[in-house]
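Here's a quick briefing to read alongside the model. Have the sequence and the 3D view open as you go through the points.

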Amino acid sequence: RIAFGEAVGARFKPDRYKFDFKKGGVDSLLNTLTATYDTSAYNTVVVYGEQSTGIEVHRILENFENISRTKTNVRFYNLMSGPDGVDVFIGANKIFASRYYADFVGGGYSQFEGVVARNTTGTVKNAAGTQIATKDDAALTAVGGAYNIYLMGQKDSTGVTKPVIKVITYQ
């Protein structure tokens, strides 16, 4: 069981696996991913979307060969549905501009960007400059480290599904 906004890591034997993603508490299949996994590559699986429009699953075959050894490496995934592009800031620096919902599908934006960052604030804003979400301690501290930054939630929501920033560290 994986809750909204959670990340899990697992190791398993090389083989072909089928992952069924179901709504928590009920036997309602949202999507399935079937793929062959081996020990030669890391994989990231991103589950995103809304139940009303469909839940998607995206598999990323990771490549860390060209990451910076002198900077912090980040990339961004916009998982908040809607037509609006967003800008991503680390501290006062705009790192990613005009990023749209699920624009990573098809391999776009899979490369990491090297940035000078420390324990700092991560902020996502709309085109007008209005803040959508912020994370006060993004903890982007590892020089040579790799981080995924996710914008998740539902636009204009204030409850448990309000827009949030999640940072996942690759070890």
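**A buried arginine and some aromatic company**

The side chains of R75 and N148 make a polar contact at 2.6 Å. Keep in mind that this is a predicted model. Beyond that contact, there's a set of aromatic pairs to look at, 15 of them across the whole structure.

**Around R75**
- You'll find R75 in strand β5, which covers residues 72-78.
- R75 has a relative accessibility of just 2%, so R75 counts as buried, the cut-off being under 20%.
- Setting aside neighbours within four places in sequence, R75 touches I60, E62, F96, Y109, S110, Q111, F112, Y147, N148, I149 and Y170.

**Aromatic rings**
- The whole-structure search turns up 15 aromatic pairs.
- One of them is Y48 with Y101: the ring centres are 5.9 Å apart and the planes sit at 75°, so this pair is edge-to-face.
- That pair ties together distant parts of the chain, 53 residues apart, with Y48 in strand β3 (residues 43-50) and Y101 in the loop between β7 (93-99) and β8 (113-115).
- Y48 is buried, at 9% relative accessible area, whereas Y101 is partly exposed, at 25%.
- Y48 and Y101 also belong to one aromatic cluster, together with Y77, F104 and Y150.

**Arginines over rings**
- R59 lies over the face of Y37, 4.4 Å from the ring centre.
- R99 puts its charged end over the ring of F96, at 5.7 Å from the centre.
- F96 is also among the residues in contact with R75.

Note on methods:
Residues numbered from 1 in each chain as written. Predicted model: local features only at pLDDT ≥ 70, side-chain atom pairs only at ≥ 80, totals over all residues. Heavy atoms only, no water. Helix = DSSP H or I, 4+ residues; strand = E, 2+ residues; numbered from the N terminus. Buried < 20%, exposed > 50% of the residue type's maximum accessible area, 1.4 Å probe, protein only. Polar contact = N/O pair within 3.5 Å; in protein donor to acceptor, adjacent residues only side chain to side chain. Contact = heavy atoms within 4.5 Å. Phe/Tyr/Trp six-rings, centres within 6.5 Å; stacked < 30°, edge-to-face > 60°. Lys NZ or Arg CZ within 6 Å of the ring centre and 35° of its normal.
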